Amino acid sequence: MKSRTLLALAVACAFAAPLAQARITQVEIKSRGEAFGGYSWPGVGKYERIVGIAHGEVDPQDRRNSVIVDLDLAPTNERGKVPYSFNFYLLKPVDLAKGAHRVMYEPPNRGGKTWTALGRVVGGANDPSTITNPTVLANAFLMPRGYTISFSGWEELGDLNNLTQSAEFPVAKNRDGSSITGPSYEYIVSGGASSDLAYTAATTDKSKATLTHRVHLNDAPQVVPAFGSSACSGTATCWDYNVSGTPGTAIRLVKAAGTATNFTNNDIYEFSYTAKDPSPKGLGFAAVRDWNAWLRYETKDDFGNVNPMAGDIQKIYTEISSQPGRMLNDFRHLGFNEAENGNKVFDGHMQWIAAGDGINMNYRFSQSGRTERNRQHHLYVEGVFPFANVESHDPISGKTDSRYKRCEQTNTCPLGVEIYSANEYWVKPASLLHTDPTGSRDLHDSQYTRTYLISSHQHGTGNGNARGSCQQLGNPLNSAPIQRALFIALDQWATNNVKPPESAVPTFKDGTLVPHLPQSGMGFPRIPDPFHETADGFVTYTGLKTTRYRMDYGLNFYETGIATINPPVITSPFEDNPANGPIYPSYVPKTDADGNDIAGVRLPDVTVPLATYTGWSLRSGAWANDGCEGSGQMIVFPKTEVDRVASNDPRPAVATRYPTFKDYYGKVVKAIDDLVAQRLYLCEDAQSELNRLVANGAARGVPAPTASDVIPAAETFPHCQMSRAGRSDQYK
């Protein structure tokens, strides 16, 4: 399918008039029709859904494209351009004149759309147009404002005719036409009888590959014998390549007798082998650039197909969750915000939980779906200098750089609001986004960006009613209201040069950015384990934090993107071990006596707390005290003083903190209003947040309201009143 699509594109484009160096050549609209069940928003009207496949091409010699690894080895069409394809999904006002003339563009996370938290909607999955609940739609964030909502593929994830956003890139070959081969690596923690390989093995000779197994990250890896080898005998579990489908595309576990068996779920298996036939995955950057540039600046494609957004777009802002934000970090650093016509592609990025890391993408045999955390995917390179948006010097590599250096040279820099959780400090050393690479001084803000830690937040929003594979309950904090407020602030910045709220991060200067050990210095209290499972009876704190190394992938890897060593050699202990490579020091937020982060943007849940919330968590069971990845923790306060004394909890009880309902209610209203005053909450979110917090308080031990406590159906928030009155001094 992939080869047929790209071949057809190459032939068709050979007969089209060529001028540009990187562009969309053909847009095929596969489906166009009514969206959201025909719901109509006041002043905006109805929306329509447009789904299709786009084809583009890039000149491998152009400076804007030549940074793509292996692009010079990809097949070209008759004009010497490298073709590629991807699918797209648009939701736009039927009458663009009634719209905002603005686009919210989301590069999906592993093909899936993640906009619903920002969008204040539920449902729809990968076909958001199917949301038809009028209550949900009336309360939505983007459509009432007239935004066009756009998604497109940038990773190779499958059939372009599906609603999973995907792309197709050509396979690179050696100049003599032979297959490119090289070392590749798989990290496997899922159960099942087999595991697919990201790339086809260059040979199925099992002596040329190695599978290892361990339970804990710091255990010594044990070699799993290859099926058919002398070590595969008796009751041994062995590995083999797949016996069905294309040979060398998966591995499986078998007993020595040949019967199939399963990988142990959550155990760590690592497979090192020689792979073949990589594609230039960095074409994903070009696909994002060229699609948005075409929507913004062109009227039609080479075949006369009309651009459905022609002449409408004034601003494009990105919205992401996690992985695609790391892609945009590299997108920006590599200069891809410069369109072929020299103009900027995006006006602003709203980054959520991406922090300072890049993505394992613009490398030979890369795997962009991998993400390093405190137990997984450490050996897939993603955290590479520069980490920050302002210039700094790296004494390890000898380079001086920033993520904005290239766009500053072409005057195409997007603005940015960098929003991330506390988890990023623990699993993706986020402090390097705002400290120098030596970890010795704070960095100033970039003129283009603001940076916000959401205090005590985990990576995303967790389940506060379940532990999963972790020792404590998940962390349910939800930053969506802050994201919406900062999305509006980003637009005001780009449109009217109204600066967004000041950055809010822990710093060396104020003592809120500290080493992860000792526990007493970091501030996390000794809290009794509510599940009575730990050996000492307290919530376990080990200070586990990902170490940012500059690992050895072989000669010139950091210049060429081509590894000759993969995976790099690692010795135990994994973290904080200079034997594993030069270390970029990183730090974590200091906590208060409750264990909640001091610095950053504090949600009302943290300002008026009912629990300790952390951005880190540890595993339970057979994998106890290994990292629990993106999860955080919620450890509720004792409800009463009797409960506190009985458990010997150092944290004051809920009833002590809030002796009356009126006391708690007033503090919550003030916390919400303070965020409104700082432009970190929107008035339209204030009442629903208040309702949620009141319900939480009732469930956690806040006294019930008395007969004299009057709770208005709609609370008056002072700064919302000021806003409605048109006061110019409404914001702090």
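**Helix 5, Ala 480 and the pairing of helices 14 and 15**

Let me start with helix 5, where the buried residues are Gln 323, Pro 324, Gly 325, Arg 326, Met 327, Leu 328, Asn 329, Asp 330, Phe 331, Arg 332 and His 333. Please keep in mind throughout that this is a predicted model. Since 11 of the 11 residues of helix 5, which spans residues 323–333, are buried, this helix is largely enclosed by the rest of the structure. And what covers those buried residues? The cover includes helix 4 (283–297), helix 6 (405–410) and four strands, namely strand 16 (315–319), strand 17 (348–352), strand 19 (399–401) and strand 20 (415–421). Just after helix 5, Gly 335 adopts a positive phi of about 90°.

Next, a single residue in helix 8, which runs over residues 480–496, and that residue is Ala 480. Ala 480 has a relative accessible area of 4% and is buried, and its C-alpha atom is separated by 9.7 Å from that of Trp 352, although the two residues are 128 apart along the chain.

Finally, I turn to helix 14 (residues 661–677) and helix 15 (residues 683–700), whose axes come within 10 Å and cross at roughly 150°. With angles over 145 degrees counting as roughly antiparallel, these two helices are therefore roughly antiparallel to each other, and helix 14 passes helix 15 in a right-handed crossing. From helix 14, Phe 661, Tyr 664, Tyr 665, Val 668, Val 669, Ile 672 and Val 676 meet Cys 683, Ala 686, Glu 689, Leu 690, Leu 693, Val 694 and Gly 697 of helix 15. Sorted by class, this contact has 12 nonpolar residues, one polar and one charged.

Notes. Residues numbered from 1 in each chain as written. Predicted model: local features only at pLDDT ≥ 70, side-chain atom pairs only at ≥ 80, totals over all residues. Heavy atoms only, no water. Axes fitted to C-alpha atoms, helices over the stretch in contact; angles between N-to-C directions. Parallel < 35°, antiparallel > 145°, perpendicular 65-115°, else oblique. Left-handed = near helix turned anticlockwise from the far one by under 90°. Contact = heavy atoms within 4.5 Å. Nonpolar A, V, L, I, M, F, W, Y, C, P; charged D, E, K, R; others polar. Buried < 20%, exposed > 50% of the residue type's maximum accessible area, 1.4 Å probe, protein only.
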